[in-house]
Amino acid sequence: MFGIGGGELIFILFIVLMLFGSDKVPEIARTMGKAMAQLKNATNDIKSEIQKGAEANGLDAKSLTDITGNINAEINNAKTNLLGDTNTLLGDTTNEIEKVKEDIDSISGPVKRQR
């Protein structure tokens with residue numbers, strides 16, 4: 001649970017008990033439980049409203065999945081068209097680096113600073 005071990009959890013519970021006292025802890029837990037239930041209900045309401053709106057427009061879960069699949073395919077096609085074959089790009093870059101290395105190696109004598 002959240003990467004917290006048993007000893008750490010007991011320590012946290014002990015600190016909460018010391019801060020709030022034994023009479024307030026159940027009240028706090030009840031309040032947090034109600035808040036979590038309200039959050040879950042709100043989330044479910046939002047999901048149902050989205051589904052109703054999608055169904056009213058003639059969309060269902062399968063068509064939305066198909067649409068996102070088509071969008072991803074178009075994005076991949078655009079990447080391929082813009083970048084070309086990555087092996088070719090890497091090969092061209094490697095060739096250019098080798099040419100520059102050869103040019104640097106071919107320079108003989110001391111290098112003078114230009115002013």
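This is a short tour of the helices, a nonpolar surface patch and a pocket in a predicted model.

Local features here need pLDDT of at least 70, and side-chain atom pairs count only at pLDDT 80 or more, while totals for chains, interfaces and linings use all residues. Residues are numbered from 1 along each chain as its sequence is written, and side-chain values use heavy atoms, with hydrogens and water left out.

**Overall picture**

The protein has 4 helices and 0 strands, running α-α-α-α from the N terminus on. Helices are DSSP runs of H or I with at least four residues, strands are E runs of at least two, and both are numbered from the N terminus. Of the 115 residues, 2% are buried (buried is under 20% relative accessible area, exposed is over 50%, partly exposed is in between, with a 1.4 Å probe and protein chains only). The accessible surface comes to about 10700 Å², and 61% of that belongs to carbon and sulfur atoms; areas come from the Shrake-Rupley method with a 1.4 Å probe.

**Two helices**

The expected span of a helix is 1.5 Å times one less than its number of residues.

| Helix | Length | Expected span | End C-alpha distance |
|---|---|---|---|
| α1 | 15 residues | 21 Å | 21 Å |
| α2 | 32 residues | 46 Å | 47 Å |

For α1 (residues 6-20), the span agrees with expectation, and the α2 value agrees too. Just after α1, glycine 21 takes a positive phi of about 85°; just after α2, glycine 58 takes a positive phi of about 85°. As for cover, α2 has hardly any: 1 of its 32 residues is buried.

**The nonpolar patch**

A nonpolar patch of about 1200 Å² sits on the surface, with Ile4, Phe11, Phe14, Ile28 and Met32 among its residues. Both α1 and α2 (25-56) give two or more residues to this patch, and α1 supplies the largest share, 9 residues. Patch residues have over 30% relative accessible area and no salt bridge, and nonpolar side chains are joined within 5 Å (like charges within 9 Å). A salt bridge means a side-chain nitrogen of Lys or Arg within 4 Å of a carboxyl oxygen of Asp or Glu.

**The largest pocket**

So what lines the largest pocket? Leu13, Val16, Leu17, Val25, Ile28, Ala29 and Met32 do. Again α1 and α2 each give two or more residues to the lining, with α2 giving the most, 4 residues. The pocket holds about 200 Å³ of space. A pocket is an open set of points on a 1 Å grid where a 1.4 Å probe fits, with protein on both sides within 12 Å along at least five of seven lines; lining residues have an atom within 4 Å of a point.

Leucine 13 belongs to helix α1. Leucine 13 is in the pocket lining and in the nonpolar patch, and counts as exposed because its relative accessible area is 54%.

Note on methods: Points joined across faces, edges and corners; volume = space filled by probe spheres on them.
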